[in-house]
Number of protein chains: 2
Amino acid sequence: MTAYAKMTPQERREEYAALAKKFEDLKALGLKLNMARGKPGKAQLDMVSDIFTLMQKPEDYVSDGIDVRNYGETAGLPAAKRLFAEILDCKPEQVFAGGNSSLQLMYDTISKAYTHGLLHSQRPWCREEKVKWLCPAPGYDRHFKVTESFGFELITIPMTEEGPDMDAVEEAVKDSAVKGIWCVPKYSNPEGVIYSEKTIRRMAALKPAAPDFTIMWDNAYCIHELEGDYVPFPDIISLCAEAGNPDMVFEFASTSKVTLPGSGISCFATSEANLAYMTKLLSIQVISFDKVNQQRHVLYLKDKAHTLELMKRHAAVLAPKFRAVLDTLDREVAPTETASWRHPKGGYFISLNAMPGTAKRTLALCKEAGVTMTGAGATFPYGKDPQDSNIRIAPSLPPVEELQQAAEVFCTCLKMAALEKLGV
Amino acid sequence: MTAYAKMTPQERREEYAALAKKFEDLKALGLKLNMARGKPGKAQLDMVSDIFTLMQKPEDYVSDGIDVRNYGETAGLPAAKRLFAEILDCKPEQVFAGGNSSLQLMYDTISKAYTHGLLHSQRPWCREEKVKWLCPAPGYDRHFKVTESFGFELITIPMTEEGPDMDAVEEAVKDSAVKGIWCVPKYSNPEGVIYSEKTIRRMAALKPAAPDFTIMWDNAYCIHELEGDYVPFPDIISLCAEAGNPDMVFEFASTSKVTLPGSGISCFATSEANLAYMTKLLSIQVISFDKVNQQRHVLYLKDKAHTLELMKRHAAVLAPKFRAVLDTLDREVAPTETASWRHPKGGYFISLNAMPGTAKRTLALCKEAGVTMTGAGATFPYGKDPQDSNIRIAPSLPPVEELQQAAEVFCTCLKMAALEKLGV
């Protein structure tokens, strides 16, 4: 196979005809496959459903003397705080243990900044002339949408091999209208990049013009290795404190991809001053999050070591799925030199850069053949990829055999779109 | 016993000396009792803890074809919507089934009105010159605090035997800055008043100047009878629609006092147009609420009839607690003619009006004797009871024997405060 760009027009026409035939054959299968969202597959759900055998003995209802079944403890069970603190390598007194959704805690943080202001805000952000927000891209569409929904101006920060381009970040924060940045520091969504220690230290040492500049540190994949052992990761909270920015970061995590999506527990971790401020605001909103589910998780996960063992079992289910997609890409697309992609070591996604101007077309073809993908552009602010190139592949949901078919469809569509772009 | 007001100064001094002696004796017992919040007692929690035996068979994980363990269904499981719709006598398609806290759903509604506006808002409420809010009082402190926290001006509406004074409400809504009203329509917090059908119809037929005026209809005690059978209650959503105000009401309910406080499920019910609008806004904030817990509740509660049977078992635990307090009040305080109170037929509270100017003093004495009560004034906007008279008694948490002691302490303190006011 020759690189498409080096083919003669005649070769390209022949290649396209062969692909179009294959596309019709695949379409005829009437597939209905989904690689759109980072949903765990049924095997992973079944693996952890023994969590429901807990909470049946009277002694299970009591944690540190608290009856977990009654109202109270807005900031969460002490035992849940300890569990998250051990996993994130911070202090229990820096942790707020919440409900089933870390996205909700992130939204609440932004929403309260907007309605009431954060600890160091001069005024609620709804009273600011303009609020700007830094979005390392490709990034997570749901992050971008939260800040977009409050009318913030989203500023794209390029991603590098080591995380966000820190030169660009340091320059941007000189503008006092820039109030924060979204980060997925370990196995970034979608690229699977682990921020380098240098990037993290520069992030912690930022000197933003805005006194209430906030790093939204979504450590969604903090223990989500796909292969090998747990990779230790710096504690951003103490690094910020060391750099003289104790209140500049909110870290988020959840068990959505440890136990059950939508029925796990979540947390934010931050300075004790931030925690006291936010707990006061949150106590107007909720009497307590679901402490029974917090206790269920404490009993099930036990501690970090035990949780990491479970994560290896998740990896054993996930790794073959990632391999199925990556092997197909390596075999079918690499020789054509029409796209590049990463081989992530953790997280839930494969990020692929198609030939500029072909991402939307590729996904339209996929849809025609019954394969649903994350919308093209979703990984960029406002859902607009200026290059129309980045595609997020989520291999976690379908079983391996379906995934192989889906990857086959995807590669066929990707190559057809590339040939159309080159001219056939 | 003579009414205190008719006693001679000498008789009052003797009575006060006897009470002061009793007070010291009670204090010496070193009590630590709590009648502050509407928390269910341990017997109620134990009664429903068999809910944890559910969700263990693979077929339990699937509801209407949805794997409840995975992401998805922002507006909740169809089965949970059906359950709430049957209980509230509305339509399933009018129901959003949420997480463990109806307070959170109420807060979210107000917060989204503030940040984004409601369906018929001309602008987000944070862009309004001024927002005013109607607070029938005595009422629920957490309601008042939500609207206070957004800087709304709280306007007190007097409560009557039939609910909020509708003459006052109809007059108030002529002001376009008045954006809404808090209501607890059945067994109101704290008075236990059931809004009359006339009140409800006048509420549904309001013609407010503000196009986005909103009735926050917190049906917290919709099936919470203390004695006798379930009392049917009109569906506010269809009444509003009939009166030409289809989008004027959000109704709220939860299972916090049906199954477990803080680990139940909640909902809001509203017009389909409102539901679509709010679901779109909420989908930025959360992927899904805890559907496993929704399914657990569907399996446990089954339907309205089965839920009402459970509520009778709760009533059997609660009724003796209410009787213990009411009997003590009737015996100890009634003859002194220093306070008045209601004998509620449902809900979680007894509302008492002490002699004006004595509520704070009464509760300070209670605290001294080891009995914690809801703060004086809490039932009024800004926590300020202009009469310093209303006291909310929450008899649900302590066991009956402790409650009898607590009631004894309370009556002693109430009478001492009255005598101090009258002059001793």
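A salt bridge here is a side-chain nitrogen of Lys or Arg within 4 Å of a carboxyl oxygen of Asp or Glu. Keep that in mind as we look at this predicted model, starting where its two chains meet. A:Asp46 pairs with B:Arg69 in just this way, with their closest N and O atoms 2.9 Å apart. Across the interface of chain A and chain B, the rule finds 2 salt bridges. Polar contacts join in as well: 24 residue pairs across this interface are linked like that.

Which parts of chain A supply its side of the interface? Helix H2 (42-48), helix H4 (102-115), helix H5 (141-149) and helix H10 (291-301) each bring at least two residues to the side that touches chain B. H4(A) gives the most, with 8 residues. By type, the residues on this side of chain A divide into 23 nonpolar, 19 polar and 14 charged.

Now step back to the interface as a whole. Here 56 residues of chain A are in contact with 56 residues of chain B. Together the two chains bury about 4600 Å² between them, and 50% of that lies on carbon and sulfur atoms.

Let us finish with a single residue, A:Val178, which sits in strand S8 (residues 178-183) of chain A. Is A:Val178 buried or exposed? Its relative accessible area is 1%, so A:Val178 counts as buried, the cut-off being under 20%. Leaving aside residues up to four places away in sequence, A:Val178 touches A:Lys132, A:Leu134, A:Ile155, A:Ala172, A:Val173, A:Ala210 and A:Phe213. As for A:Pro246, this residue is 68 residues from A:Val178 in sequence and 18 Å from it in space, C-alpha to C-alpha.

Technical notes:
Residues numbered from 1 in each chain as written. Chains lettered and ligands numbered in written order. Predicted model: local features only at pLDDT ≥ 70, side-chain atom pairs only at ≥ 80, totals over all residues. Heavy atoms only, no water. Contact = heavy atoms within 4.5 Å. Buried area = accessible area lost by both parts, 1.4 Å probe. Polar contact = N/O pair within 3.5 Å; in protein donor to acceptor, adjacent residues only side chain to side chain. Helix = DSSP H or I, 4+ residues; strand = E, 2+ residues; numbered from the N terminus. Nonpolar A, V, L, I, M, F, W, Y, C, P; charged D, E, K, R; others polar. Buried < 20%, exposed > 50% of the residue type's maximum accessible area, 1.4 Å probe, protein only.
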